[in-house]
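Here is a short tour of a structure with more than one chain. Please have the viewer open and follow along from the overall fold to the local details.

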Amino acid sequence: MKKLGVPIGVLVILVWCLLPVVWIISLSFKSEESVTAGNPGFLPSDGTNAGWDNYNKVLTDDLYDFFPRAIINSIGISLIATTLSVIVATLAAYAIARLEFKGKKLVLTMSLAIAMFPVVSLIGPLFDMWRTFGIYDTWLGLIIPYMSFTLPLAIWTLSAFFREIPWEMEQAAQVDGATSWQAFRKVIVPLAAPGVFTAAILTFFFAWNDFVFGISLTSTESARPIPASLAFFVGADPFNRPASLLAAAAVISTIPIIIIVLLFQRKIVAGLTSGAVKG
Amino acid sequence: MAAITMQNIVKKYGDGFPAVNDVSIDVADGEFMILVGPSGCGKSTLLRMIVGLEDITSGDMVIGERKVNDLAPRDRNLAMVFQNYALYPHLTVYENIAFPLRLAGASQAEVDQKVREASKTLELDEHLERKPGNLSGGQRQRVAMGRAIVRDADAFLFDEPLSNLDAKLRGQMRTEIARLQKRLGITTVYVTHDQTEAMTLGDRVAVLKRGILQQLATPRELYENPLNLFVAGFIGSPPMNFLPAKVSGNTVELPFGNVTIPADKASAAQGKDLLIAGIRPEHFEDASVLDASAKTSGSTFRATVDVVEWLGNEAYAYVPYEAHTDVEAQLNQLEKELEGESLRTQLVVSLDGASRIKEGDEAEIWVNSAKIHLFDPESGENLTADRSAAGTIPPDMDAAAPAEAEGEADAGDATDLTK
């Protein structure tokens with residue numbers, strides 16, 4: 001009984017977590033009519049199986065031509081926001097971890113305060129400001145808030161990683177003839193790579209999953225990201241949301257995230273610094 | 001290659017504490033210089049000032065012909081081996097060794113040739129493609145040395161490079177470093193707290209205490225002519241015995257009896273009341289194993305041996321004695337400076353392996369009285385040192401810390417310039 005406890009617990013948690021995922025995948029393969037009619041069964045069967053129709057429709061149908069565009073928007077905006085955020089955070093975190101300067105505490109407290117600030121309360125002012133600046137409904141209009149809200153977390157994560165790297169590494173590099181910048185780029189950043197990729201994944205998640213900014217700061221498909229665009233799916237009958245099409249779109253929108261995580265995860269190897277120093 | 005000249009180097013930290021205080025050392029071109037002292041004596045700080053990782057508060061640091069006080073580490077062309085090696089864990093052994101060359105913009109052919117050469121010297125050939133994390137301590141140590149020798153640096157700096165190795169490996173690497181330095185003939189500054197390393201490796205040894213240079217001399221000079229109590233107690237293992245002594249004429253009154261010392265030594269100690277006598281353990285012997293002619297050159301006394309440690313080739317015998325209270329305070333202070341514990345006052349005597357003295361025996365012990373040093377208990381100064389064979393005597397050692405009441409080391413005949 002004792003031996004069975006753990007596997008059963010794991011199984012329960014797995015089912016609990018994965019059932020909705022399985023459900024949405026299965027839903028995306030069912031025909032619209034069968035869902036509208038109700039009770040289509042858990043798995044797509046003879047009468048209800050729509051094959052790849054829903055996916056085709058979402059990606060090619062004129063009615064949903066905003067969706068492929070939304071995918072491009074989401075990928076572009078999230079990647080740019082992630083890249084910029086990680087670059088800025090790396091430099092900032094290095095300064096915080098290594099340098100003594102006035103206002104260091106202020107920077108840290110400020111960044112923490114930003115992270116805690118409720119996003120929703122900023123939407124109104126941002127909406128007004130962005131329209132005045134002319135960046136409302138543009139990529140830039142979304143990249144800026146994504147960056148500013150992910151930076152604090154990225155800075156805190158990275159400065160923790162930088163503190164772990166022994167000072168001697170850098171001093172050795174300097175004695176070996178490196179400038180401060182070379183020491184940073186060739187020794188410190190490679191060693192902090194797990195931290196950099198952790199920060200990148202977190203930032204990318206935030207940008208990819210965001211709905212509030214996406215829906216409020218865009219008005220057309222020129223910058224609308226996937227989560228916001230899902231709200232614009234309407235079928236032939238306005239009172240019946242095309243559930244199977246939404247499911248297909250949702251599945252499509254998770255694919256890039258899975259790819260990114262798989263790519264980055266390999267870089268997040270623990271114990272990369274082992275062997276640097278004795279111990 | 002270049003000589004390194006330190007002139008009146010001072011390092012003060014933010015709180016005004018002088019970690020290195022007015023130290024002047026000349027390291028000749030190709031010389032192997034050791035900086036030694038207990039922890040916190042400023043030896044590592046001094047090394048880091050040479051390489052440029054610490055700012056110099058005042059004084060001049062000259063390498064070759066250049067004053068390098070304000071140069072960045074990378075502009076000083078020195079190679080350093082860190083205590084914890086500081087290898088780059090994301091690079092292979094090959095790339096670790098090649099790192100300085102790549103920074104200097106060397107061609108691939110040159111990099112390859114030099115790295116292969118270094119790896120051959122250090123027997124790292126089969127490890128070139130491995131990462132430092134997979135290497136043993138000794139191999140990591142060799143990679144760190146490889147990174148240093150691959151460059152044409154003006155000098156090598158070692159910061160306690162062997163302290164992380166086990167005893168056997170330490171011995172091997174010590175010989176290896178000595179061999180390498182002799183072959184390359186490169187100026188070397190080596191920091192250690194291990195006196196075996198200090199004695200065996202160095203052409204000259206600088207002994208530091210609390211940021212102040214105590215004595216700068218060859219290992220032999222340090223051992224035979226320590227200028228003060230601190231150096232005498234620091235150099236030598238087991239350490240020198242310190243006993244309360246009174247001199248009258250040519251006779252020295254020691255706790256276990258009177259011995260006669262040479263006239264020149266006695267004259268140097270005239271007019272002082274209580275002194276501290278320093279006798280190295282090997283200057284004692286079991287009188288029964290000596291032949292008659294040897295015995296005449298010294299004195300003998302009888303003492304009860306407390307503990308005997310027989311090592312085969314020799315034996316250490318411990319003889320407890322009652323110390324004079326005035327001297328005891330001074331000796332306790334010295335013990336603290338040497339990072340030891342103040343234990344019972346006892347005499348450590350090194351005996352010949354053939355000696356049959358057992359624990360609890362009352363034995364007749366011979367002492368080579370010509371080798372006795374006499375120290376002034378107030379200043380710690382060695383009154384009987386042969387100053388012509390004591391290396392460079394640092395000036396005004398007492399001036400640096402005049403407020404210290406417990407009797408700072410004093411070089412004696414130094415001319416005090418600052419007062």
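What percentage of the 279 residues in chain A is buried? In this predicted model, buried residues make up 34% of chain A.

**The fold of chain A**

Chain A is built from 13 helices and has 0 strands. Reading from the N terminus, every element in the run is therefore an α one: α-α-α-α-α-α-α-α-α-α-α-α-α. The radius of gyration of chain A is 23 Å, well over the 19 Å given by the globule rule for 279 residues, so the chain is more spread out than a compact globule. Along the principal axes, its C-alpha atoms fill a box of roughly 75 × 65 × 30 Å. Of the contacts in chain A between residues at least 6 apart in sequence, 75% join residues at least 24 apart.

Helix 13 of chain A deserves a look of its own. This helix covers residues 243-265, 23 residues in total, and reaches 32 Å from its first C-alpha to its last, close to the 33 Å expected at 1.5 Å a residue. Its buried residues are Ser244(A), Leu245(A), Leu246(A), Ala247(A), Ala248(A), Ala249(A) and Ser253(A).

**Where chain A meets chain B**

How many residues of each chain are in contact across the A and B pair? The count is 22 residues of chain A and 26 residues of chain B. On the chain A side, helix 8 (167-175) and helix 9 (180-191) each supply at least two residues. Helix 8 of chain A gives the most, with 6 residues. By class, this side of chain A has 11 nonpolar, 8 polar and 3 charged residues.

**The domains of chain B**

The domain assignment divides chain B into domain 1 (4-222) and domain 2 (228-389). Their centres, taken over C-alpha atoms, are 37 Å apart. Between them, 9 residues of domain 1 are in contact with 10 residues of domain 2. On the domain 1 side, strand 9 (204-209), strand 10 (212-217) and helix 7 (219-224) of chain B give two or more residues each. That side divides into 3 nonpolar, 4 polar and 2 charged residues.

**Nonpolar cores**

In soluble globular proteins, nonpolar side chains tend to be buried together. Here the largest nonpolar core has 158 residues, and those touching the most other members are Leu158(A), Ile50(B), Leu157(B), Val189(B), Ala206(B) and Ala277(B). Helix 7 (residues 139-164) of chain A gives the most to this core, with 12 residues. Leaving aside residues up to four places away in sequence, Ile50(B) touches Ile4(B), Met61(B), Leu78(B), Leu157(B) and Val189(B). Another core, of 11 residues, lies apart from the largest one and includes Ile226(A), Leu246(A), Ala247(A) and Ala249(A).

**Backbone details in chain B**

Two residues other than glycine have a positive phi, and they are set out below.

| Residue | Phi | Loop in chain B | C-beta neighbours within 10 Å |
|---|---|---|---|
| Asn77(B) | near 55 degrees | between strand 5 (66-67) and strand 6 (78-81) | 20 |
| Tyr85(B) | about 75 degrees | between strand 6 and helix 2 (93-103) | 25 |

Asn77(B) counts as buried because it has 20 C-beta neighbours inside 10 Å. Tyr85(B) is buried too, with 25 other C-beta atoms within 10 Å.

Which form does the peptide bond from Ser237(B) to Pro238(B) take, cis or trans? This bond is cis, with omega near -5 degrees. Pro238(B) sits in the loop between helix 8 (229-234) and strand 11 (241-248) of chain B.

How values were computed
Residues are numbered from 1 along each chain as its sequence is written. Chains are lettered from A and ligands numbered from 1 in the order in which they are written. This is a predicted model: local features need pLDDT of at least 70, side-chain atom pairs count only at pLDDT 80 or more; totals for chains, interfaces and linings use all residues. Two residues are in contact if their C-beta atoms, placed from the backbone, lie within 7 Å. Helices (H or I, at least four residues) and strands (E, at least two) are DSSP runs, numbered from the N terminus. Ala, Val, Leu, Ile, Met, Phe, Trp, Tyr, Cys and Pro count as nonpolar, Asp, Glu, Lys and Arg as charged, and the others, Gly among them, as polar. Domain bounds come from an automatic or database domain assignment. A nonpolar core is a set of buried Ala, Val, Leu, Ile, Met, Phe, Trp, Tyr and Cys residues joined through C-beta atoms within 7 Å. A residue is buried if 20 or more other C-beta atoms lie within 10 Å of its own, exposed if 12 or fewer, and partly exposed in between; C-beta atoms are placed from the backbone. The expected span of a helix is 1.5 Å times one less than its number of residues. The radius of gyration is taken over C-alpha atoms; the globule rule is 2.2 Å times the number of residues to the power 0.38.
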